[in-house]
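Reader: I am new to this structure and would like to be taken through some of its charged residues and its strands. Could we go slowly?

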Amino acid sequence: MISLPEIAPRILSFLPAALAVLTLAVSGTAAADKDGSADTQESRFRLDALSVNVYGLAYHPDRETVHREHLDNEFNPGLGLHYELDNDAMSVTFTEVGTYRDSGSNWAKFASLGYQLKMGEHWRIGGAVAAFNSQTYNRGVTFLAMIPLVTYDLGRVQLNAVYFPKIGNYNEVAAFGFYATVPVGSWLR
């Protein structure tokens with residue numbers, strides 16, 4: 001079992017970099033507004049398009065293999081940032097960056113670009129192309145993967161499910177991942 005003292009420093013080491021990126025984006029937006037060089041609303045950083053991902057759980061259907069290979073860590077804490085590039089009546093385009101404790105108990109880092117179709121008022125179905133790096137996947141070599149993603153949007157929180165398929169040496173066992181997304185705008189209301 002991973003203890004909070006082990007997790008906190010790793011997650012907190014990621015936060016300064018994320019906050020630096022956000023600070024630069026916000027200060028760039030403020031400077032553009034001040035000198036009038038921002039032409040449109042779309043060219044600016046929008047705080048209401050930013051969310052925090054809280055990673056947490058995994059499920060591995062091949063129980064025997066994950067135990068034998070020591071890939072059975074199903075508590076996957078971590079944090080990430082989610083930014084909606086476009087959100088219209090039919091779809092959402094987004095980018096994410098994050099880190100979490102993966103099934104092999106290593107720290108996985110990723111960056112992705114994704115697209116989801118809206119299916120009714122609450123459901124979104126799509127996927128993301130992600131660059132991953134972890135000692136657990138692909139023997140520690142960074143690689144790209146297509147990750148299916150389903151989201152149920154409750155407004156103040158979104159519940160997400162992803163599927164990591166078994167693909168040769170890249171990912172030796174299939175897994176379902178579950179995490180929550182909390183829009184920053186919901187904190188400001």
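Reader: Does E64 count as buried, partly exposed or exposed, and what is its relative accessibility?

Author: This is a predicted model, in which local features need pLDDT of at least 70 and side-chain atom pairs count only at pLDDT 80 or more, while totals for chains, interfaces and linings use all residues. Residues are numbered from 1 along each chain as its sequence is written, and side-chain values use heavy atoms, with hydrogens and water left out. Buried means under 20% relative accessible area, exposed over 50%, and partly exposed in between, with a 1.4 Å probe and protein chains only. E64 therefore counts as exposed, its relative accessibility being 60%.

Reader: Which residues are linked with E64 in a network of salt bridges?

Author: A salt bridge is a side-chain nitrogen of Lys or Arg within 4 Å of a carboxyl oxygen of Asp or Glu. The side chains of R68 and E64 meet in this way at 3.8 Å, N to O, and these two residues, 4 apart in helix 2 (residues 63–68), are separated by about one helical turn. R68 also forms a salt bridge with E69, with 3.7 Å between the closest N and O atoms. The residues linked with E64 in the network are thus R68 and E69.

Reader: Where in the chain are the two partners of the salt bridge between R124 and D153, and how many residues apart are they?

Author: The side chains of R124 and D153 meet in a salt bridge of 3.1 Å, N to O. This pair links distant parts of the chain, with R124 in strand 5 (residues 123–133) and D153 in strand 6 (residues 143–153), and the separation is 29 residues.

Reader: Which side chain of opposite charge is nearest to E96, and how far away is it?

Author: Lys and Arg count as positive and Asp and Glu as negative, whereas His and the chain ends are not counted. E96 is buried yet has no salt bridge, and the nearest side chain of opposite charge is that of R124, at 8.6 Å.

Reader: In which strand does E96 lie, and with which strand does strand 2 form a hairpin?

Author: Helices (H or I, at least four residues) and strands (E, at least two) are DSSP runs, numbered from the N terminus, and two strands pair if DSSP finds at least two bridges between them. Strand 2 and strand 3 pair in the antiparallel sense over 9 bridges, and 3 residues lie between them in the hairpin. E96 lies in residues 91–101, which are strand 3, and the hairpin partner of strand 2 is likewise strand 3.
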